[in-house]
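Me: I've got a structure here and some words I don't quite get. Can we go through them together?

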Amino acid sequence: MTITRLWILCLALGAAACSGAERREASAAVTAPRAAVLSMTPTVDGVRARGFVRCGVSTGIAGFSMLDARGQWQGLDVDVCRAIAAAVLGEAAKVRYTPLTTAQRFTALQSGEIDVLSRNTTVTFQRDVQLGMEFPAINWYDGTGFIVRKASKVQSVEDLNGATICMQPGSTTEPDVADYFRKHNLTFTPVVIERLEEVTNAYFAGRCDAFSQDRSLLAAVRARAPSPAEHVVLSEVVSKAPFGPGVMANDGRWIEIVRWSVYASINAEELGLSSKTIDRALDSDDPDVRRFVGTTDGFGAMLGLDAQWAFRIVKQVGNYAESFERHVAPLGIDRGVNRLWKDGGVLYVPALR
Amino acid sequence: MIRTIRWQLAVASVVVAIAAAIAAQTAVNLRARGIASGFDFLSRPAGFEIARGLLSFSSRDTYTRALLVGLVNTVRVSLLGIVIATSLGLLVGIARLSEIWIVSTVARTYVEVTRNTPLLLQLLFWYTLTQGLPAAPEALNPLPGVYLCFRGLFLPAPIWRHGFPWIGLERPALVGFGFQGGTSVSPEFAALVIGLSIYTAAFIGETVRGGIMAVGRGQAEAAVAVGLSRLHALRFVVLPQALRVVIPPATNQFLNLFKNSSLAVAIGYPDLMSITNTTLNQTGQAIEAIALAMVVYLAVSLSLAAGMSLYNGSVLRRGGGA
């Protein structure tokens, strides 16, 4: 099971010294004729040598990373992987996905099994500082909430005093809920089950009075309920949960590529560039747009990529609004604070300048 | 003789050297990747809650205490499981050899079905079954103060009182979301104990059957011939001799049960593995957390094995050198 997997990953961490060094040498040999700057970035070298980006995703969270009926990964987080692949390899489809549980995700990244973790991961101090990771960008602002049965007449978190609450291990939900209940002098009994499907079923079966998770995920859970109308997501948010892709901190160039791939899709929305209009943008006179599509300034080369990296992200994956409309909006989730700053949200990213 | 010792020393030092090299290299890798290491986290507050068990716990307690709570929960499930599995296994083993067709067939079917399906599946089955019980307001109430619903089994518990007669009985009562007061058995705990006991009892049953068959047929026949009833023959002649054959393989089954209890993670019982899992995730220190769990499981397993070996020794002495 998952534990076995963790064991293997732990062993891999130990063994990574020998194999990692060899792999680096091998890939350096393959890409030797390229610019000298590439040797500074083992991750990009590895991605190019392999021909695909290894991306860690969830085992199935609707709207963020989930297999569709045709066996294709879809979602807001999946689009981050696809954007990176479009920027680095020229094709958004060149991604190999590894589904990971909350418990496995960081070890998979640390042991080098994946290049980037794009999986509803809350950025926290401890993860940023202690795990040797870096969170280059934030692609979704969420918060911990609760779903309850309407019949239970629970209106607010206060009403959950003494309740049994289902949750998943390894999520920030566990300490967040414990803190909130302690602060407000409330008690609860946790039921902790690792797999999302099983913990959701336990809640549906009535084992728990409430299920606590990030609110976007709760909306997806509610949509999957036997009768969604019987459940309600409480309006209160008990903690902040900004999500972002994570990478290892030891490769500065790779961090920049991931960061600007996310920023590119948000900037594209701000500039009014979408997958439908991006072709026309090549002839634009707007200096911001010209820099974006790579007609001037050569920002791509500074990243170790070609001039059209951002153009390809928008052309193949679309801008942030398109990703949202395609994956998250159908779940009935409001864009809320995840609007652009111009529209009253908090999405405010540095410009390509 | 000296040559064998030399060889053994050589092999041992190679093994130790490899282990040390792996450990050193891991430490170097962790540092190079900026991943925190060490056991400092053990004295930090855990920050998460654990369902009520034998030991009290709150989110302000340390990771050490959280892991201790997990260990106590694991040991509690294992001990209860071992007792039930042994009793059930003994019955099954005897039933397998019964001359009554229906008894031996039922026992055989039970053994074949449980032995040949995965334990994880069985645990999920028992857990799902507990969830089929009625909801708290419609709880079954077979005896006064005893309630059974899908949130668990709620029983009256003795409590100390100030006045005469000092001991009182606290009955569970339906308050808010569920029953409060008295004592309770959670469905996760029940499913785990039932699942582990029934699964392991099948193996122990086979061990017992083997043990009985290892005792010569003549022994039972002679006992009956001197006037003992069949039950007495089994109780005083066959089983004591079978015990010697049964103990070593039964010890194996006890150890299996103890280790299998880590499957609790799948049904949400807060055992050692489940708490380790959460600790690992909250701290991100996978190697330390897993190593710690490994050491604890190993220590408990070895103690259990040592205890059984002592018992086996005393049984052998008592039984003479047959």
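Reply: Sure. Start with pairing: two strands pair if DSSP finds at least two bridges between them. Keep in mind that this model is predicted.

Me: What makes strand 2 and strand 7 of chain B a pair?

Reply: Strand 2 (residues 152–155) of chain B is joined to strand 7 of chain B by three bridges. The definition asks for at least two, so they pair. They run antiparallel, and B:Leu155 has B:Thr183 as its bridge partner in strand 7 of chain B.

Me: Which strands make up the sheet, and in what order?

Reply: Three strands of chain B, in the order 1-2-7, form an open sheet with antiparallel pairing.

Me: Why do strand 1 and strand 7 of chain B stand at the edges?

Reply: Strand 1 (147–149) and strand 7 (183–185) of chain B each have a single partner strand, so one side of each has no neighbour in the sheet. From one strand to the next, the twist averages 15°.

Me: What counts as a contact between chain A and chain B?

Reply: Two residues are in contact if their C-beta atoms lie within 7 Å. The contact takes in 42 residues of chain A and 37 residues of chain B. Helix 1 (2–30) of chain A is among the elements supplying at least two residues, and helix 1 of chain A gives the most, with eight residues.

Me: How do the residues on that side of chain A divide?

Reply: The side of chain A that touches chain B has 23 nonpolar, 13 polar and six charged residues.

Methods. Residues numbered from 1 in each chain as written. Chains lettered and ligands numbered in written order. Predicted model: local features only at pLDDT ≥ 70, side-chain atom pairs only at ≥ 80, totals over all residues. Helix = DSSP H or I, 4+ residues; strand = E, 2+ residues; numbered from the N terminus. Axes fitted to C-alpha atoms, helices over the stretch in contact; angles between N-to-C directions. Nonpolar A, V, L, I, M, F, W, Y, C, P; charged D, E, K, R; others polar.
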